[in-house]
Amino acid sequence: MRVDFELNGQAVSMDAAANETLLAMLRRHGVFGPKHGCETGECGACLVRVDGVPMTSCVMLAAQVAGRAVRTIEGVGGAQERGWRGSEPLHALQVAFIETGAIQCGYCTPGMIIAAEALLERTDRPTEAEVRDALAGVLCRCTGYVKPVEAVLRAAAVLRAESVPPIHPAEAIPAPPGLFMPPGGEMDDLRSPEGGDGGREAGVRTRALPVMIVAPETDALQQVGKPSPKVDARKLVQGNPAFTDDIELRGMLVGKLLLSPRPHALIKRIDASRARALPGVHAVLTHHDLPRVAYTTAGQSYPEPGPHDNFSLDYKVRFVGDRVAAVAAETEEIAQRALELIEVEYEDLPAIFDPRESMQPGAPILHDEPESWKIEDPSRNLAAVVDWEVGNVEEGFAQADRIFEATYYSPKVQQTPLEPHVTVTWWDEDDRLVIRTSTQVPFHVRRILAPVLGLPEKRIRVIKPRIGGGFGVKQEVLIEDICAHLTIVTGRPVRLEYTRAEEFFASRSRHPMYLTLKTGVTNDGRIVANQLYVLSDTGATGSHAMTVAGNTGHKAMALYNAPHIKFHADIVYTNTPPSGAYRGYGVPQGFWALEQHIEWIAREMGFDPLEFRLKNAIKAGDEHPVSKAWSEGREGAPEYIVSCGLAECIEQGAAAIGWADKFGNPDWHRVPGKPHLRRGIGVAAVMQGTAIPRLDMGAASIKINDDGSFNLLVGATDLGTGSDTVLTQMAAEVLGCSPEDFITYSSDTDFTPFDKGAYASSTTYISGRAAVIAAERVAEQMRAVAAKMFNKQPGYDPVEPGDIVLRDRAAHAPDGRSITHREIALYSLHTEDQHQIMATGSYVSPDSPPPFAAQFVTITLDTETGQITVDETVMAVDGGVIINPLTASGQVEGGMVQALGYGHCEEMAFDAQGRMINPRFGPYKIYRADEMPEMGVIFVETYEPTGPFGAKAVAEIPLDGVGPALANALYDAAGVRITDAPLLPEKVWRALQAQSAGSQQTEAAR
């Protein structure tokens, strides 16, 4: 049928099926601004306006817009350009989103702007609470909502023709060393007078920039340390085709997977004849049709350290959601019908859902196939083992006056990027396979898939467009193989995309862990022995099995520098969806246990919680206590802590949260007039890592163009973190120009240099150093050309290349003369001794300098219901020199919200048959814009000499501290300690009831 309607002010007519959604129709006709994030209208990525009203297009039939007006992000724009150059003017909202750093991956940005535009048409003076309510229907996994809310308030002020302060005046960024500046900042004056006094009704204070305690080594820098807008911000804020699925190819087929309804079974018979006979079906693949090649889906450097226990299609299924067959068809409806026509006969096998049963005698064996390899002990369902010891813990326990032992549990949670896994494959004109995919590791994808597909690597090209969130789940070779197999069989382009439910139960998740800590302490407050046993549940396959658990011990057990440390991890298989990489990579689980444990010890022995931590924490000059014991499964080597700002982080964070006034203050803990409410405050100290030493490599290349601009090619993967921007800033710093002078292109295995990918908090440190090396080599060539040009000018003393300074887009001689970058480029390319000024830089680090942080949380507890309301979170971070405060603070804000989820409300729940019962947004609870606590970010800069411009990492450490700080705040509020996350109301209520019953029994005994 035809649907006639108005689209962005123009009359259009589109064909649509009777059951087709508005989202599907729009995207099929090349309107890519609305995004697919779910099928239930709960994420808001698909938001459009119909007759002015924001509506979710994924649950609206296309036929429903007949005769109506539809507005998508493509229709948003206006005269409020304010200096932004481009073919289309930008709306004030779009400009504000760019200026405030409200865009990270950008997948939810169109929906947010659509929602905000409708709000600002209703009222020109929205309160912050109204802004948060308007954005509540659009989920964001990246930003923490702080900067999007600020962007809307800023845009509202601009539309009221009010002057707004610049986002990044130079004097607003630094604070004198040692000076505390309370969170808040220059944007507080943009709140409407109706917004109240900052209480819960008014919402959260908003500000673009974090509080900065600046390292003095950065004083002379021009680009580094400045909040430069993201280099890809404009296209993202306009909803331009930037993501994997934003592509049209003639003859493209739809790929779909048949997934197992059984947790553990053999496929005794599979008959696809009826599916193959269905008109419109071009291919049906089963395990009979593909070579049996064992491989790992973990995107890690060669040789991959974990089990190789995956097959594109197998004769055995090991979890509900495992692959059974694949289909390629003309339409999604035909593909779905074909799946229904495939006949499968299963032979059910006993299943294991509890990792504590995996190694028991008589337990069913998940991987008894002979082809799999690098499995520690298949007969015991033991995927991997990590074991090391520093000193002798038994001797340490003998020296202790007190020994504390407890077991903690960290649950299975999902990364939930707003963009599900999606891949498009096709044969190019040279008969090479092109894989366009949403991945964090394009070079690993190519290498791992080559033997699986039976193609040499030179015949495979992997393109990574913009990624709609990754958080580790896209450090997997997850669906690329099946999509490629379908293209190989059909010769046609194929698109394969997960539904939201499939993203939950057929993707990857965080490893659930049982963690048993045993700690020996002397009466004067010294930790003399620390022992951790981890039982990690890797699910049905061993993706990242050893390295995630190893990272748990390597980072968490290193923070407190005890002389005797022991770590052992058993990583076991269960018949649950496979675990994998998730931002933090095992470290959040470790600190969930460790920082509750440390708080328990401090309170039990009467120590001040902050002083006890600092007394035992690792310090600058110390040897990393675990560095010689373990390093990603390889032989360790000694590493030393050069930069450490943990003490300053605790000091600054405590001042910001008001620790001195709140901790131990009974008046603050009580809420006047509401005896059922109790306040609590909690803290956690954490550390992470920066890159994987002596293993992972990044590279970059730079060339100059005729106009003095530069092409920067990097293999590094920007998944919303702003790495393209940060690498550009560092190159611009070296070359004496602006990031605007760069065309930055990343992550294409044909055109960009190699990079291991986006993981291990390594891009700024490793890829950034590579970009700096390349820039330094280009700068050296430019100075040589400039010296030649200077020395051709008569009447001046000779100029040596080493005396020339690059700044302000020109080469400056000591005598005051200057030659522009453009003149240098034209001379080198066209005038004399013509050559291309260009260079490549590569870097592998021998070091892994850890970032440090202090996390503070305050809560209000309803003792009658068990409901926890998180009031405020403050994180003070030592990430070395912060290259871009705007993007870095966004990373911390978004990370804290993800961590709030696993500590407070997120958990994958399964029934007795291993089926996930909450595979959708809503039942799987992630924070919305209107539920956010007040958030503060403080950067305590240290100068890390091994990092580019003194930088370390910030991307993963925000995940580490919120959970345990939340649990510690609960204990502070009510005296109950819950060791298994998340802190759901029912769980808290039961603990409170048990506490009350115990108190009553004690009183009765008296």
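## A walk from loop to sheet

Select K374 to start: this residue lies in the loop between β13 (343-348) and β14 (382-390). Helices here are DSSP runs of H or I with at least four residues, strands are runs of E with at least two, and both are numbered from the N terminus. K374 is not a glycine, yet its phi is positive, at about 65°. Its relative accessibility is 35%, so K374 counts as partly exposed. For that scale, buried means under 20% relative accessible area, exposed means over 50%, and partly exposed is in between, using a 1.4 Å probe and protein chains only.

Before moving on, a word about what's on screen. This is a predicted model, where local features need pLDDT of at least 70 and side-chain atom pairs count only at pLDDT 80 or more, while totals for chains, interfaces and linings use all residues. Residues are numbered from 1 along each chain as its sequence is written, and side-chain values use heavy atoms, with hydrogens and water left out.

**Zoom out**

Show the whole protein as a cartoon: there are 24 helices and 33 strands. Its C-alpha trace spans about 95 × 75 × 60 Å along the principal axes. The radius of gyration, taken over C-alpha atoms, is 28 Å, which agrees with the value near 30 Å for a compact globule of 1006 residues; the globule rule is 2.2 Å times the number of residues to the power 0.38. Color by accessibility and you'll find that buried residues make up 64% of the 1006. Of the contacts (heavy atoms within 4.5 Å) with a separation of 6 or more, 78% are between residues 24 or more positions apart.

**The seven-stranded sheet**

Next, pick out the open sheet with strand order β10-β12-β8-β19-β16-β17-β18, which has mixed pairing. The edges belong to β10 (281-285) and β18 (460-463); each has a single partner strand, so one side of each is left without a neighbour in the sheet. From one strand to the next, the twist averages 20°. Strands count as paired if DSSP finds at least two bridges between them.

Now highlight β16 (422-427). Five of its six residues are buried, so to speak of β16 as mostly covered is fair. With β19 it pairs in the antiparallel sense over four bridges, and V422 stands opposite E497 there. With β17, β16 also runs antiparallel, joined by five bridges; look for T423 opposite T437. The hairpin of β16 and β17 has five residues between the strands, and D431 in this hairpin takes a positive phi near 60°.

Step across to the edge. β17 (residues 433-437) pairs with β18 in the parallel sense over four bridges, with L433 opposite I460. Add helix α10 (residues 442-453), which packs on the sheet and touches β17 and β18, its direction making about 145° with that of β18. Then add helix α11 (residues 480-490), also packed on the sheet: it touches β8, β10, β12, β16, β17 and β19, and its direction makes about 30° with that of β16. These angles run from 0 to 180 degrees between N-to-C directions, with axes as lines fitted to C-alpha atoms, for helices over the stretch in contact.

**H544**

Where does H544 sit? H544 is in the loop between β21 (527-539) and α13 (545-556). At 1% relative accessibility, H544 counts as buried. Its side chain reaches the backbone oxygen of Q475 at 3.3 Å. Leaving out residues up to four places away in sequence, H544 touches several others, including A298, E476, H511 and Y585.

**Cysteines**

How many disulfides does the structure hold? Zero, taking a disulfide as a pair of cysteine sulfur atoms within 2.5 Å. Select C38 and C43: the C38 sulfur is 3.7 Å from that of C43, its closest cysteine sulfur, which is too far for a bond. C108 is in no disulfide either; the nearest cysteine sulfur, in C140, is 3.6 Å away. C108 is buried, with a relative accessible area of 7%.

**Backbone stops**

Finish with some backbone geometry. Y302 and P303 are joined by a cis peptide bond with omega about -10°, and P303 lies in the loop between β10 and β11 (316-317). Another cis bond runs from A981 to P982, with omega near -5°; P982 is in the loop between α23 (958-974) and α24 (985-1005). Last, select Y145, a residue other than glycine whose phi is positive, near 70°. Y145 lies in the loop between α4 (128-135) and α5 (146-159), and at 0% relative accessibility it counts as buried.

Notes:
A polar contact is a pair of N or O atoms within 3.5 Å; within protein, one must be able to donate a hydrogen and the other to accept it, and residues adjacent in sequence count only if both atoms are side-chain atoms.
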